[in-house]
Amino acid sequence: MVGLFFCRCVKPYSNNPTLTFKHHIINHMDSTQHQRTIQHLFWRAGFGASPVEVQEALSKSRRQLVKNLFHDSRQFDSFDLVKTVPYMSLKKVIKSAATDREEMKEQLKDFAQERRETIGNLNDAWVARMGQGQGVLREKMTLFWHNHFACRSKLATFIQQQNNTLRTHALAKFGDLLMAISKDAAMLQFLNNQQNRKKSPNENFAREVMELFTLGRGNYTETDIKEAARAFTGWGFNLQGEFVFHQLFHDDGTKTLFEKSGNFQGEDVIDILLSNPQTARFISTKLYRNFVNERINEEHVANMAKRFFRSDYDIADLMEYVFTSDWFYDSVNIGAQIKSPVELLAGMQRTLHMDFTDKTPVLYTQKALGQMLFNPPNVAGWPGGKSWIDSSSLLTRMQLPKVLFRNETLNVSVKDSGDANEETVKRKNKFEVTMNWDHFAQAFDKVPEENLGKIVASYLLQVPINSLLLKTIENQVTFNDRTERIKQLTVALMGLPEYQVC
Amino acid sequence: MKRREFLRNSAFTTAGSLLIPQFLKAYERQHLGQQSLNEKSVVIIQLSGGNDGLNTVVPFRNDIYYRERPSIAIKQENVLRLNDEIGFNPALEKIKELYDNGLVSVINNVGYPNPDRSHFRSMDIWQTGSGSDQYLSTGWIGRYLDAQCKGQSCLPHQALEIDDTLSLALKGQQVNGLSLQNPEKLYGQTKSAVVKNIGSIPTADDHDNVAYLYKTLAGTVSSAEYVYSKAKVSKSRVMYPTTELGKSLKTIAELITSGVSTSVYYVSLSGFDTHIRQNDQQDRLLRQYAEAVNVFVNDLTANSRLDDVMIITFSEFGRRVKQNASNGTDHGTANNVFLIGGPKRTRPILNEAPDLTDLDTGDLKYKLDFRQVYATLLDDWLKTDSKLVLDGKFEPLRLF
């Protein structure tokens with residue numbers, strides 16, 4: 001803790017000589033920089049904030065703001081959108097089908113359609129929570145865990161259940177989260193543990209638990225995986241999505257892994273993995289990459305890992321430590337992340353207090369930009385960072401604000417996944433949003449005209465903007481009406497490469 | 001292609017040269033009128049959904065094949081025979097024509113160890129060139145670009161996908177390929193007011209990611225202009241089918257004929273996930289494929305470019321040997337790969353027909369790792385070092 005105290009004495013710019021220089025020559029940078037650090041917290045612990053929310057936060061201490069974020073995330077509701085158990089209704093369909101084949105085909109078609117819509121509804125509901133709802137920190141953490149425990153399922157009930165599990169434990173103990181996910185129907189299905197039986201072990205689940213969920217590559221042996229797989233034999237689920245332990249399929253013999261021997265059950269393996277400090281390091285590193293900077297600061301991560309391990313993997317404690325650490329606000333960390341497509345969408349909503357009246361284009365945009373919720377590319381999740389950006393995704397991102405506020409459609413066709421049963425997000429509806437620009441413009445009432453562009457930019461961008469570029473944009477905005485001017489400025493600024501980072 | 005040659009062709013840009021118009025002019029000066037007949041390129045055709053290999057290259061003398069597929073097997077008398085054992089699905093008549101001219105290699109039983117039967121995962125594996133227990137976030141074409149552009153930055157059009165969004169296959173660590181539906185559309189997008197105004201303004205920020213975004217943007221704008229200006233040079237005089245694939249291959253042919261410095265083209269045709277009533281659907285798709293490729297090959301031949309172009313066709317997996325109850329087939333494993341174009345073949349068929357007596361729980365066993373096919377294209381066709389692109393050494397097939 002001595003080190004931490006020492007850190008407080010260090011000016012945020014000190015490790016970047018260029019910025020120190022800028023700091024000395026431009027005085028107003030002080031207040032802009034303070035505002036950016038506040039926005040930094042809102043972006044990383046959530047999905048950004050509106051200018052008014054930022055203004056209200058300017059006079060509060062970081063500690064107070066962090067406290068508010070946690071307080072705001074204390075209460076939460078689980079999703080309860082998917083009522084029927086699809087497997088059961090599918091069974092009914094098949095039963096009735098004995099009489100009429102054509103009718104069965106029709107019903108199966110309806111069933112598939114309904115399933116797609118339900119998964120789509122879950123997606124809509126989650127984006128709405130991120131973009132508008134209470135408890136942004138919890139949603140941000142849930143999104144992180146969704147990427148950490150990346151999983152696909154065709155059953156909406158399973159998806160909903162898993163998402164609720166992630167949300168419930170999002171800020172609790174990592175050990176509980178890991179155990180709950182290891183017994184989660186969608187995950188057991190995705191990683192083939194239903195097929196993991198004494199007579200023919202399937203190592204998929206055991207491997208990913210170590211490689212992706214706890215230790216990371218290179219911190220276990222193939223024997224550890226084989227032995228762990230034996231301990232997980234018999235772990236399965238029923239059609240209601242409940243965890244079931246099939247004693248009959250379980251291997252009751254002695255297993256030896258990580259130099260420990262015993263008649264281990266799956267639970268024991270998870271305990272062994274948690275007792276290894278490497279798990280704390282691995283998770284801390286990933287959290288740092290996601291919430292602070294893709295470029296690791298070894299010292300900061302080591303401190304996080306130590307604290308995480310000592311607190312018995314208390315996620316809330318760790319995140320509070322990160323958000324209240326001075327190094328979190330170092331200028332090298334501000335604006336250093338490329339927003340994921342979902343962060344981009346939810347972020348626009350948060351900043352503008354905007355609502356998507358028709359959710360279809362939101363789904364389509366996720367697909368076009370490469371991040372469909374509940375559809376990670378594989379169990380390793382979305383690679384993130386620079387991989388979000390290529391020529392086409394960048395052009396689409398830059399055109400998005402304009403397309404959105406003109407109520408147009410994205411001029412992009414999305415790929416076919418190849419799967420005949422897959423959700424087709426091919427419906428290209430026009431964007432429909434509700435947004436009160438007068439209300440948004442009020443935040444800038446006191447700003448003198450000559451500063452308007454600069455000030456609006458300071459609320460929208462987490463990195464400085466070239467003054468020549470800002471001039472070019474200001475020159476394009478020729479409306480007499482101030483609200484309309486602010487709208488045009490906002491749309492133009494949100495179309496910049498600078499807006500893609502936070 | 002030698003690395004130096006590749007770099008010259010890729011119109012490398014340095015971090016400071018974001019002033020695109022001048023930069024492009026310099027590029028044009030360097031390349032206009034330059035004949036690049038020694039350049040080799042690869043055209044990748046991805047059949048998405050898992051094409052049924054057994055009904056594509058049919059083992060027409062095999063009793064097990066007919067026994068396991070009572071209602072969907074291709075009748076012996078309809079098969080377009082390649083030898084005494086196997087023959088093409090009749091929908092591939094136009095590919096058979098090319099085969100008879102010595103322009104087609106059929107590689108049987110291509111796959112990988114511990115096959116994954118999920119579309120997403122298996123396509124992931126094929127596109128990244130990973131093993132089934134590995135998760136890579138870059139594609140094999142992307143890593144090919146990385147290897148060629150090491151120490152320099154290349155322009156994205158060096159690998160071109162004909163689509164609106166970019167596949168993982170073309171994403172590298174340092175360099176990404178470019179995706180475009182057609183040169184006009186992309187050019188139009190980069191000409192839009194937003195992009196045009198900022199493309200040449202250097203960023204005020206020294207953040208690594210902002211620099212990366214601007215570099216991507218600059219690369220996109222110059223590639224779009226370059227490809228657009230080149231595409232106008234040579235318009236195809238041949239009639240292509242009006243299908244999506246036909247249009248895409250026409251675009252590719254025009255770019256190749258115009259001498260665009262692209263080494264890899266990528267295009268996909270989807271709909272091969274034939275769980276229900278397979279034959280109508282597969283027949284329609286294979287016919288689309290064969291007709292478009294046939295015109296494409298003849299177009300390139302007429303322009304004396306076929307010797308430099310190799311077309312590879314693959315799918316993420318084959319399908320089960322046994323048909324299902326809906327006159328379709330379910331997800332399987334090993335599959336055939338076609339290599340079309342380039343020099344004439346002495347050995348048109350590689351690997352024996354699949355052994356239907358030796359199955360792995362109802363699925364074909366692979367005999368050749370797909371990364372060996374990639375290594376063949378990388379080492380022997382594009383003349384690069386496949387070890388830099390693939391994880392480990394994969395033995396090339398010595399086809400050319």
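A residue is called buried when its relative accessible area is under 20% and exposed when that area is over 50%. In this predicted model, B:Asn109 has a relative accessible area of 5% and is therefore counted as buried. The residue belongs to strand β5 of chain B, which covers residues 104–111, and B:Asn109 has a positive phi of about 55° although it is not a glycine. A positive phi of about 55° is also found at B:Ser304, again a residue that is not a glycine. B:Ser304, however, is placed in the loop that runs between α11 and β9 (309–315) of chain B, and its relative accessibility of 56% is the reason why it counts as exposed.

A further residue of chain B, B:Gln372, is part of helix α12 of that chain, a helix made up of residues 370–381. Because its relative accessibility is 18%, B:Gln372 counts as buried. When neighbours within four places in sequence are set aside, the residues in contact with B:Gln372 are B:Phe394, B:Glu395, B:Pro396 and B:Leu397.

Turning to the chains as wholes, chain A consists of 502 residues, of which 57% count as buried, and its secondary structure comprises 24 helices and six strands. Among the contacts of chain A that have a separation of 6 or more, 73% join residues that are 24 or more positions apart. The accessible surface of this chain is about 21300 Å², and carbon and sulfur atoms account for 51% of that surface. Chain B has 400 residues, with buried residues making up 64% of them, and it contains 12 helices and 12 strands. For chain B, residues 24 or more positions apart provide 72% of the contacts with a separation of 6 or more, while the surface that this chain exposes is about 15200 Å², with 49% supplied by carbon and sulfur atoms.

Within chain A, helix α12, formed by residues 204–214, is mostly covered, since 10 of its 11 residues are buried. The buried residues of α12(A) include charged ones such as A:Arg207, A:Glu208 and A:Glu211, as well as A:Phe205, A:Val209, A:Met210, A:Leu212 and A:Phe213. After this helix comes A:Gly216, a residue whose phi is positive, near 85°.

The largest nonpolar core holds 206 residues, and the members that touch the most other members are A:Trp145, A:Phe174, A:Phe323, B:Leu249 and B:Tyr289. The element that gives the most to this core is helix α11 of chain B (residues 278–302), with a contribution of 10 residues. Apart from the largest core lies another one, of 41 residues, and B:Val42, B:Val175, B:Val264 and B:Leu378 are among its members. The surroundings of A:Phe174 can be described in detail: once neighbours within four places in sequence are left aside, its contacts include A:Trp145, A:His148, A:Phe149 and A:Phe213, together with A:Leu274, A:Thr279 and A:Ile283. A:Phe308, A:Tyr313 and A:Ile315 are likewise in contact with A:Phe174. A:Phe213, one of these partners, is also one of the buried residues of α12(A).

The two chains meet at an interface in which 61 residues of chain A are in contact with 52 residues of chain B. The size of an interface is often given as the accessible area that is lost when the parts come together. Between chain A and chain B this buried area is about 4500 Å², and carbon and sulfur atoms give 56% of it. Of the area that chain A buries against chain B, 14% is supplied by A:Lys386, A:Leu395 and A:Lys415, which is more than any other three residues supply.

Polar pairs are also found across this interface, where 18 residue pairs are in polar contact. The number of salt bridges between chain A and chain B is five. In the salt bridge that B:Asp208 forms with A:Arg295, the closest N and O atoms are 3.2 Å apart. On the side of chain A that touches chain B, at least two residues each are supplied by α2 (17–25), α7 (101–131), α12, α20 (391–405) and α23 (467–476) of chain A. The largest share of that side comes from α20(A), which contributes seven residues.

Definitions and conventions. Residues numbered from 1 in each chain as written. Chains lettered and ligands numbered in written order. Predicted model: local features only at pLDDT ≥ 70, side-chain atom pairs only at ≥ 80, totals over all residues. Heavy atoms only, no water. Core = buried A, V, L, I, M, F, W, Y, C linked by side-chain atoms within 4.5 Å. Buried < 20%, exposed > 50% of the residue type's maximum accessible area, 1.4 Å probe, protein only. Helix = DSSP H or I, 4+ residues; strand = E, 2+ residues; numbered from the N terminus. Contact = heavy atoms within 4.5 Å. Areas by Shrake-Rupley, 256 points an atom, 1.4 Å probe, with all protein chains shown as cover. Buried area = accessible area lost by both parts, 1.4 Å probe. Salt bridge = Lys/Arg side-chain N within 4 Å of Asp/Glu carboxyl O. Polar contact = N/O pair within 3.5 Å; in protein donor to acceptor, adjacent residues only side chain to side chain.
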